[in-house]
Structure formats: C-alpha cells, structure tokens
Amino acid sequence: MLRWVSENLLQLKPEEIGEYYGRYRLHVPEAERAMAKSLERYGQLSPVVVCRRDDRYELIDGFKRLGAARHLAQIDQLSARLLEGDERTVKAAIYGLNRAGGRTRELEEAWIIHALVREDGMSQVEVAELLGRHKNWVCRRLALIERLGAKARDELRVGLLSPTAARQIVRLPQGNQAEVLDAVRREALSGAELAGVVDLWLGCAERGQQQYIVAHPREALSQAKGVNHSGRDPRLSEAGNQVWKRIGLLLDVLGRMEVWLAHYGRAGLTPEDRAILGPRFEKLSRDAGSVARLSLDLVSEMKAA
C-alpha cells in the first residue's frame, strides 16, 4: 500500500538521493539538457518523489531534475516528497506518477512491467490489476521489451539507443538486431533511414540481400527509391556541377554528424575522448559557423540578383 509519509517536504542534497529505480526510466539526452536549462533559469518548480530503500533515499520521480541539479553549482538541495511502499507498489508509483504527468513512454512502461513480472514474480493478471490496465495491454508491453536483444536493451538503458530507434529495431529478429545496430552507429542513420532499412531488410528473402542492406544502407535505400547517381545536373555549368557535388557531400556528412550529436554521440564518449576531441569540435563549430554565414550571404546575393 502506498502512502505519503508526511505533507512536509524534505530538503535533500543531490548526493543523498540514489537512482536505483533509474533503470526503469529511459535516458534521453535532449530532454535532460532542456531540463537543465529550465532548472537553471527558473529553479525547481515541483518536488521530486523519493522512497526509503536500504536506509537510503531512492528517487521515484524526477530523474531529469536530479541529473540537472548534479551539474548546476547553484542547486545544492532539492525539495522532495517521501512515499512509502513495498517494491511492487513503488514500481507502480513510477508508472502512475509519470502517466499522470503525461510523460510516460511505451518502452518505460514495458521496463516496469518486465520488472514486475520477471523480478517480483507477479503474473500478468496481477500486474494488470496493480496498474489498472487490461491484461492484453500488459502482455503487449512485456512482449515489446522481451523482443529486444541484450545489446539493444543495454544501449536503450544508457541512452545510446533512442526510443524511436528501439521501436524499429524490435521489428527485427533478435539474432539480427546487433548487425543493424552496428550499421546505425557506423553510418549515423537517422530515424527515417533506420525505418527504411528495417522495411527493406524484412522484405528480403535472401540472406545475401540482407547483408548488402546492412553493409550499404544508404545505397540500398537510394536504389529502392530509384535515385539517379550520375552526380551531374544537365542544367548546370561545369563549375555549377562541381559546387553541386561539394554541397551534396557536405550535407551528407553534416547530416550524419547532426544525428550522432543529437542522439548517439555524447553518452558514448569517455572523459579521455572528450579531452582529445574538444579542440576538434571547437574548430568544427568555428568552421561550420563561417560556412553558414558565407552561405547566407550568397543566398541573399542570389535573391537580390
């Protein structure tokens, strides 16, 4: 049975709050960065929710706020409400609190249900009753997480695999998910490109075709769309075609880097990587900014002509 221990709020230092239950929440770097900006600008607008586990405060709700607070010098305490309950009801509270706030995600629901069934030994009927949902809903969520292979699950937990990408990966047989994940990393595929690759892979009957798609995903997508790879536009002069080709190459590389930075790159970098790559990213930022400004000048000149 869940109950609020007191109406009074606790004032806890970020280091006093554990994240044992964070494994049932998805790590979404973009959302966490947005929360950090909000916390820095407005302060804490609502309390986090904690429970006691093994003589320690453990977070139930407010993972993005806690993560942001740990990186902001001006936040040395967080307001928290204390909830009391056993393991099963605490997991139900994680689901309920996020559902009430409109922040729940299908895969996060699946993690909680998986924990209730596989860790706490509950039947699917019992889980359905605990969460106030139908058994079929519980069955679908459980199947969703269990169709993900071990590598995809691990990457999803730590934020290397986005929820959108996971929904595509889960469509594949577990034995083939790792090779497609490798292709996503290698080629920095966007969500739309990954969906297209999975569609093509599922539509192939021969293993050789599937291997080609994984090895050359963009080429396979282009061939499926009937794109012309001649690289020349008859309407352009020789100089115009050279610029056209350079822009195409640059846009392709920038697109891959943008996807990597937004969805995959940050969580996978070690402190040593960051120290070495820092100057390179500074140069990239300067050069990209310069190219962007010069491009805008040319666009303005073309429009004025």
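This is a short tour of the predicted model, moving from the whole chain to a few charged pairs.

**Whole chain**

Start with everything shown as a cartoon. The protein has 305 residues, and buried residues make up 35% of them. Its secondary structure comes to 14 helices and six strands. Along the principal axes, the C-alpha trace spans about 75 × 50 × 40 Å.

Now switch on the surface. About 17,800 Å² is exposed, and carbon and sulfur atoms supply 54% of that area. With contacts displayed instead, take those between residues at least 6 apart in sequence: 73% of them join residues at least 24 apart.

**Charges**

Next, colour the charged side chains. The protein carries 47 positive and 42 negative charges, and the mean positions of the two sets are 3 Å apart. How many salt bridges does a search of the whole structure find? The search returns 21. The next stops visit some of them.

**Stop 1: Glu-146 and Arg-118**

Select Glu-146 and Arg-118. They form a salt bridge in which the closest N and O atoms are 2.6 Å apart. This pair links distant parts of the chain: Glu-146 sits in helix H6 (residues 135-146) and Arg-118 in helix H4 (residues 106-119), 28 residues apart. Glu-146 is partly exposed, its relative accessible area being 24%.

**Stop 2: Arg-218 and Glu-193**

Select Arg-218 and Glu-193, whose side chains meet in a salt bridge at 3.0 Å, N to O. Arg-218 belongs to helix H12 (residues 217-225) and Glu-193 to helix H10 (residues 191-202), so the pair ties together parts that are 25 residues apart in sequence. Is each partner buried or exposed? Arg-218 is buried, with a relative accessible area of 15%, whereas Glu-193 is partly exposed at 21%.

**Stop 3: a network**

Select Arg-53, Asp-54, Glu-87, Lys-91 and Asp-120 together. Salt bridges that share partners join these residues into one network.

**Stop 4: Glu-58 and Arg-56**

Finally, select Glu-58 and Arg-56. Here too there is a salt bridge, with 3.8 Å between the closest N and O atoms. Which surroundings do the two residues have, buried or exposed? Glu-58 is buried, with a relative accessible area of 7%. Arg-56 is partly exposed, with a relative accessible area of 34%.

Methods. Residues numbered from 1 in each chain as written. Predicted model: local features only at pLDDT ≥ 70, side-chain atom pairs only at ≥ 80, totals over all residues. Heavy atoms only, no water. Salt bridge = Lys/Arg side-chain N within 4 Å of Asp/Glu carboxyl O. Buried < 20%, exposed > 50% of the residue type's maximum accessible area, 1.4 Å probe, protein only. Helix = DSSP H or I, 4+ residues; strand = E, 2+ residues; numbered from the N terminus. Contact = heavy atoms within 4.5 Å. Areas by Shrake-Rupley, 256 points an atom, 1.4 Å probe, with all protein chains shown as cover. Lys, Arg positive; Asp, Glu negative; His and termini not counted. Charge placed at Lys NZ, Arg CZ, Asp CG, Glu CD.
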